[in-house]
Amino acid sequence: MKKVSVIMGSTSDWEVMKKACLILEEFGVSYTRDAISAHRTPDKLDEIIFNAEKHGCKVIIAGAGGAAHLPGVIASKTILPIIGVPIMSKLSGLDSLLSIVQMPSGIPVATMAIDGAKNAALYAISILALEDEDINKKLIAYRKSQAQKVIDNNKLVI
Ligand code: RP5
C-alpha cells in the first residue's frame, strides 16, 4: 500500500515536485510518482487515480503549471484529499495558482504556494499523522528540530 500519490502534469515539473518526494522519503512515507497530463493523457490519469484508490492511497499531491487543471480534474474523480501545487510558469505562476485555488464550490483542492511542493508533502504528512502514531511522532520531532535550527541561527552579525 502506497500512502501518497504524487502526480505532476509534465516531467518539466519534476525539479519542483521532487521536493515533495524528498520530504516523503525523509518521513519514510510510501508513495508513487507519475508525470501525467490531464489534457494530453486523460485516460491514463483515470487509471492512475483508480489504482491509487484501489491500493489504499490516503492523499494525492498534484502539481501543474499554466492552465493547471490537473489537481481539479483529479478532485472531480475521487473523494481523496487533493493538495495542489501551482508550478512557476511563463506568467510567474499566477495562472497556475489561480487555476488551482479558484475551484468551483463543491470540489475542493487544498492549494499550496507557487512551487510549494515541500509544504504539500508536509500537509499530506499532517493528514496521515491523524491516524498514524509513528508519523505523528516524526512530524512533532521535525517541527521541534526546525524550531531549534531557527533559534541556533539567530545570529545577526554586522
Ligand atoms: C502543465 O503545463 C504542466 O504541469 C507543466 O507545468 C506545463 C508545461 O508542460 P510542458 O510543456 O513542459 O510539458 O501541463
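The lining of the largest pocket in this predicted model comprises, by class, five nonpolar, seven polar and two charged residues. In total, 14 residues line this pocket, and its volume is about 250 Å³. Among the lining residues, Gly9, Ser10, His39, Arg40 and Gly65 lie nearest the centre of the pocket. Of these, Arg40 belongs to the charged class, because Arg is counted there together with Asp, Glu and Lys. Gly9 and Gly65 are placed in the polar class, since Gly is counted among the polar residues.

Salt bridges were then examined. A search of the whole structure identified six of them, and three are described here in turn.

One salt bridge joins Lys18 to Glu15, with the closest N and O atoms 3.2 Å apart. Both residues belong to helix α1, which spans residues 14-26, and because they are three residues apart in that helix, about one helical turn separates them. The two partners fall into separate accessibility classes. Glu15 has a relative accessible area of 55% and is therefore exposed, as the threshold for exposure is over 50%. Lys18, at 28% relative accessibility, counts as partly exposed, because this value lies between the limits of 20% and 50%.

In helix α2 (residues 42-54), Lys44 and Glu47 are likewise three residues apart, or about one turn of the helix. The side chains of Lys44 and Glu47 meet in a salt bridge, with an N to O distance of 3.0 Å. Lys44 is partly exposed, at 38% relative accessibility, and Glu47 is also partly exposed, with a relative accessible area of 41%.

A further salt bridge links Glu133 and Lys137, whose closest N and O atoms are 3.7 Å apart. This distance satisfies the criterion for a salt bridge, because the cut-off is set at within 4 Å. Glu133 and Lys137 are four residues apart in helix α6 (residues 133-152), so that about one helical turn lies between them. Glu133 is exposed, with a relative accessible area of 60%, and Lys137 is exposed as well, at 54%.

The surface also carries a nonpolar patch of about 250 Å², made by Leu94, Leu98 and Val101. Val101 is located in helix α4, which covers residues 94-101. The relative accessible area of Val101 is 40%, so this residue is classed as partly exposed. This value also meets the requirement for patch membership, because patch residues must have over 30% relative accessible area.

Two loop positions were considered next. Ala68 is found in the loop between β3 (59-65) and α3 (70-77). With a relative accessible area of 2%, Ala68 is buried, since the limit for burial is under 20%. Ala68 and Ile158 are 90 residues apart along the chain, and their C-alpha atoms are separated by 44 Å.

Pro81 occupies the loop between α3 and β4 (82-87). The relative accessible area of Pro81 is 33%, and the residue is accordingly partly exposed. Between the C-alpha atoms of Pro81 and Ala124 the separation is 8.8 Å, although these residues are 43 positions apart along the chain.

How values were computed
Residues are numbered from 1 along each chain as its sequence is written. This is a predicted model: local features need pLDDT of at least 70, side-chain atom pairs count only at pLDDT 80 or more; totals for chains, interfaces and linings use all residues. Side-chain values use heavy atoms; hydrogens and water are left out. On a 1 Å grid over the protein atoms alone, a cavity is a set of points where a 1.4 Å probe fits but cannot get out, and a pocket is an open set with protein on both sides within 12 Å along at least five of seven lines; lining residues have an atom within 4 Å of a point. Grid points are joined across faces, edges and corners, and a volume is the space filled by probe spheres set on the points. Patches are made of residues with over 30% relative accessible area and no salt bridge: like charges are joined within 9 Å, nonpolar side chains (Val, Leu, Ile, Met, Phe, Trp, Tyr) within 5 Å. Accessible areas come from the Shrake-Rupley method with a 1.4 Å probe; for residues, only the protein chains shown count as cover. Buried means under 20% relative accessible area, exposed over 50%, partly exposed in between (1.4 Å probe, protein chains only).
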